Amino acid sequence: MNTPTPQNTSILELRKATMSWPRPGGGRITAVHSLDLAVQAADLGVIRGPSGSGKTTLLLLAGGLLQPHTGSRIGTPRVGFIFQTLELLPYLDVRQNVRLGLTEKGGEDDVEQLLEELGLTERADHRPHQLSTGECQRTATARALASRPALLLADEPTGNLDPENALIVLRALDGLVQRGGAVLVATHGSIEGLNPTRQFTMDSGSLSESGNTP
Ligand code: ADP
Ligand code: MG
């Protein structure tokens, strides 16, 4: 049997991926249903859908943090993840949290550059509980970028942010796309100031793509 390979220029594909969760009290909730997705380099995709529609589950599947129950994930891009719940380590300061994202290719210069880019230099020695929401979100963004990912998955990255902080985060995501990385952003609302190349809607576990913006 042939091992499936990504088509043409895809860096990642989900094919007919289905994922269900146990429902409290019995049965299962299908969070993602028979989902097909092919991501190419320099895609800037936005996935919109109401809370509970399966966006986080989709990003976890795309990142390989969850295995689909049926269907497959094809491709092995280096993945960066901005978690909806951020998941900063409370006993590390900002600089140390960002350092966690480094791979063998990155160094201290990259950390300092990211701190600068995300406006965190002054806060580098602070721990998460000493930061504002926006600073925490920017730290999680810097950490995700520190691995120089080929695919960055951003789960509600501006969900709780004022416009100024949102812009800093979105500019950083856009910067990765300019360098050839792919970004997928999930949001239950709208994202001002982002010009996606691809737009998706998530509805009760099903993904659809609308026409490309020019
Ligand atoms: P969204 O990110 O769009 O809000 P999620 O992917 O978080 O959607 O959730 C989709 C569905 O799966 C929801 O009904 C949610 O309650 C359920 N779900 C998500 N994660 C879990 C889990 N770990 N255990 C049980 N149910 C879950
Ligand atoms: Mg979610």
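A polar contact here is a pair of N or O atoms within 3.5 Å. Keep that cut-off in mind for the first stop on this tour of a predicted model.

**Stop 1: ligand 1**

Select ligand 1 and zoom in. Which backbone atoms come up to its oxygen atoms? Start with G52, where a backbone N or O atom sits 2.6 Å from an oxygen atom of the ligand. Move along to S53, and you will find a backbone N or O atom at 3.2 Å from a ligand oxygen. Now show the side chain of T57: one of its polar atoms is 2.6 Å from an oxygen atom of ligand 1. If you switch on a surface, the protein hides 65% of the 560 Å² of accessible area that ligand 1 has on its own.

Next, select the whole shell: W21, P22, I29, A31, P50, S51, G52, S53, G54, K55, T56 and T57. Colour the shell by residue type, and five nonpolar, six polar and one charged residue appear. Colouring by secondary structure gives another view. β1 (10–22), β2 (28–40) and α1 (55–62) each contribute at least two residues to this shell. The largest share, three residues, belongs to α1.

**Stop 2: helix α1**

Stay with α1 and look at how it is packed. Is this helix mostly covered or mostly open? It is mostly covered, with seven of its eight residues buried. To see them, select K55, T57, L58, L59, L60, L61 and A62. T56, by contrast, is partly exposed, because its relative accessible area is 28% and the partly exposed range lies between 20% and 50%. Before leaving, click on G64 just after the helix, which takes a positive phi of about 80°.

**Stop 3: the magnesium ion**

Now select ligand 2, the magnesium ion. Which protein atoms act as its donors? They are OG1 of T56 and OE1 of Q84, lying 2.1 to 2.3 Å from the ion. Trace the chain from each donor: T56 belongs to α1, while Q84 is in the loop between β5 (79–82) and α2 (94–99), so the two donors link parts of the protein that are 28 residues apart in sequence. Q84 is also partly exposed, at a relative accessible area of 43%. T56 is worth a second look here, since this magnesium donor is also part of the shell around ligand 1.

**Stop 4: the β8–β9 hairpin**

Jump ahead to residues 198–203, strand β8, and 206–210, strand β9. These strands pair in the antiparallel sense over five bridges. For one of the paired positions, select F200 and find E209, its bridge partner in β9. Then follow the backbone round the turn: two residues separate the strands of this hairpin, and S204 in the turn has a positive phi of about 45°.

**Stop 5: L44 and T197**

Select L44, in strand β3 (residues 44–48). At 1% relative accessibility, L44 is buried, so you may want to hide the surface. How far apart are L44 and T197 in sequence and in space? They are separated by 153 residues in sequence, yet their C-alpha atoms are 5.2 Å apart.

**Stop 6: N165 and R138**

Finish at N165, a residue of helix α5 (residues 163–178). N165 counts as buried because its relative accessibility is 10%, and the cut-off for buried is under 20%. Display its side chain together with that of R138, and you will see a polar contact of 2.7 Å joining the two.

Notes: Residues numbered from 1 in each chain as written. Chains lettered and ligands numbered in written order. Predicted model: local features only at pLDDT ≥ 70, side-chain atom pairs only at ≥ 80, totals over all residues. Heavy atoms only, no water. Near = heavy atom within 4 Å. Polar contact = N/O pair within 3.5 Å; in protein donor to acceptor, adjacent residues only side chain to side chain. Areas by Shrake-Rupley, 256 points an atom, 1.4 Å probe, with all protein chains shown as cover. Helix = DSSP H or I, 4+ residues; strand = E, 2+ residues; numbered from the N terminus. Nonpolar A, V, L, I, M, F, W, Y, C, P; charged D, E, K, R; others polar. Donors = N, O, S within 2.8 Å, 3.2 Å for Na, K, Ca; no water. Buried < 20%, exposed > 50% of the residue type's maximum accessible area, 1.4 Å probe, protein only. Pairing = 2+ DSSP bridges.
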